[in-house]
Amino acid sequence: DTGLHVQTHGVRTNGVRLPDIPSIYGLLGGAAYQAPKEHPSAATDEYLRWIAGLGYTDVAGPIIGDRNKAAIIPMPYRFEVGRAGLSSDHSLDAFTIQEAIRQVRRQKQPFAMWIRLHGSHDPYVVPAPWDTLYRASDLPMPPYRPGEYETKPARAKRAWQAQGADQLSDEQIRTILAHYYGMVSYADHLVGKFLMALHSAG
């Protein structure tokens with residue numbers, strides 16, 4: 001929100017306020033824009049109530065959705081990979097875009113809006129048909145040089161091993177990539193939906 005690198009302000013976790021450093025929200029608010037006062041959090045509780053009203057049960061969380069309907073692919077990776085147990089119109093990101101469009105249609109003055117989408121981010125779980133948009137076997141492996149992690153900081157190596165990433169086969173890495181790319185395309189689709197609504201609102 002400040003436009004500064006972590007090396008400048010020293011904050012390395014989310015949710016830490018920096019009251020003495022100007023933020024984009026403060027600058028916009030001072031220029032008569034309607035803008036949030038800080039980086040907004042996702043309305044997860046509100047979303048979970050919404051999908052419960054749609055009949056989803058055994059909801060594991062806002063990303064995976066209904067575990068009875070999800071298709072999670074077994075692998076040694078720490079984060080889930082697979083198809084979400086909800087439709088693409090009922091995901092957290094779809095809900096977020098719907099709420100953003102409603103806010104745009106209510107605006108009467110210049111405004112700034114922060115739209116926080118989950119994808120593409122772990123867990124790599126995305127609703128159909130976006131989970132099969134890319135074929136894993138068609139994807140090239142990321143460039144890798146044997147021993148390259150030996151030169152990384154200890155923190156990076158510990159995280160890599162704690163996630164089980166050092167145990168993944170080439171096929172599993174391609175499967176993760178296929179779902180990751182599906183999440184990117186899904187997010188692109190939702191952003192396009194928002195931009196069309198923004199254009200229609202004038």
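Reader: Why does A128 count as partly exposed?

Author: Its relative accessibility in this predicted model is 37%. Buried means under 20% and exposed means over 50%, with partly exposed in between. The value of 37% falls between those cut-offs, so A128 counts as partly exposed.

Reader: Where does A128 lie, and which residues is A128 in contact with, leaving aside its neighbours within four places in sequence?

Author: A128 is in the loop between β3 and α5. Once those neighbours are set aside, the contacts of A128 are R83 and S88. For another view of its surroundings, take A70, which is 58 residues from A128 along the chain. The C-alpha atoms of these two residues are 9.9 Å apart.

Reader: How do you know what kind of peptide bond joins A128 and P129?

Author: Omega is the angle to look at, and here omega is about 5 degrees, for a bond that is cis. A second cis peptide bond is found between D122 and P123, with omega about -5 degrees. P123 sits in the loop between α4 and β3, the strand of residues 124-126. Such bonds are worth pointing out because most peptide bonds are trans.

Reader: Is P129 buried or exposed?

Author: P129 has 52% relative accessibility. The cut-off for exposed is over 50%, so P129 counts as exposed. P129 belongs to the loop between β3 and α5, and α5 covers residues 154-162. In space, its C-alpha atom is 7.9 Å from that of S88, although 41 residues separate the two in sequence.

Reader: What makes the phi of A32 worth a remark?

Author: Most residues other than glycine have a negative phi. A32 is not a glycine, yet its phi is positive, at about 70 degrees. You can find A32 in the loop between α2 (24-30) and α3. Its relative accessibility is 54%, and exposed means over 50%, so A32 counts as exposed.

Reader: What can be said about the phi of D58, and why is D58 called partly exposed?

Author: D58 also has a positive phi without being a glycine, with a value near 50 degrees. The loop between α3 and β1 (71-72) holds D58. Its relative accessible area is 47%, and partly exposed runs between 20% and 50%, so D58 is partly exposed.

Reader: How do you know how helices α3 and α4 are oriented to each other?

Author: Two packed helices are described by the angle between their axes and the distance between the axes. For α3 (residues 44-53) and α4 (residues 92-106), the axes come within 10 Å and cross at roughly 105 degrees. Angles from 65 to 115 degrees count as roughly perpendicular, so α3 and α4 are roughly perpendicular to each other.

Reader: Which residues meet between α3 and α4?

Author: From α3 come E46, Y47 and W50, and from α4 come L92, F95, Q98 and E99.

Reader: What does the protein look like as a whole: how many helices and strands are there, and how many of the 202 residues count as buried?

Author: There are 6 helices and 3 strands, in the order α-α-α-β-β-α-β-α-α along the sequence. Of the 202 residues, 30% count as buried, which means that their relative accessible area is under 20%. The C-alpha atoms fill a box of roughly 55 × 45 × 30 Å along the principal axes. The protein exposes about 13100 Å², and carbon and sulfur atoms supply 52% of that area.

Definitions and conventions:
Residues are numbered from 1 along each chain as its sequence is written. This is a predicted model: local features need pLDDT of at least 70, side-chain atom pairs count only at pLDDT 80 or more; totals for chains, interfaces and linings use all residues. Side-chain values use heavy atoms; hydrogens and water are left out. Helices (H or I, at least four residues) and strands (E, at least two) are DSSP runs, numbered from the N terminus. Buried means under 20% relative accessible area, exposed over 50%, partly exposed in between (1.4 Å probe, protein chains only). Accessible areas come from the Shrake-Rupley method with a 1.4 Å probe; for residues, only the protein chains shown count as cover. Axes are lines fitted to C-alpha atoms, for helices over the stretch in contact, and angles run from 0 to 180 degrees between N-to-C directions. Angles under 35 degrees count as roughly parallel, over 145 as roughly antiparallel, 65 to 115 as roughly perpendicular and the rest as oblique. Contact means heavy atoms within 4.5 Å.
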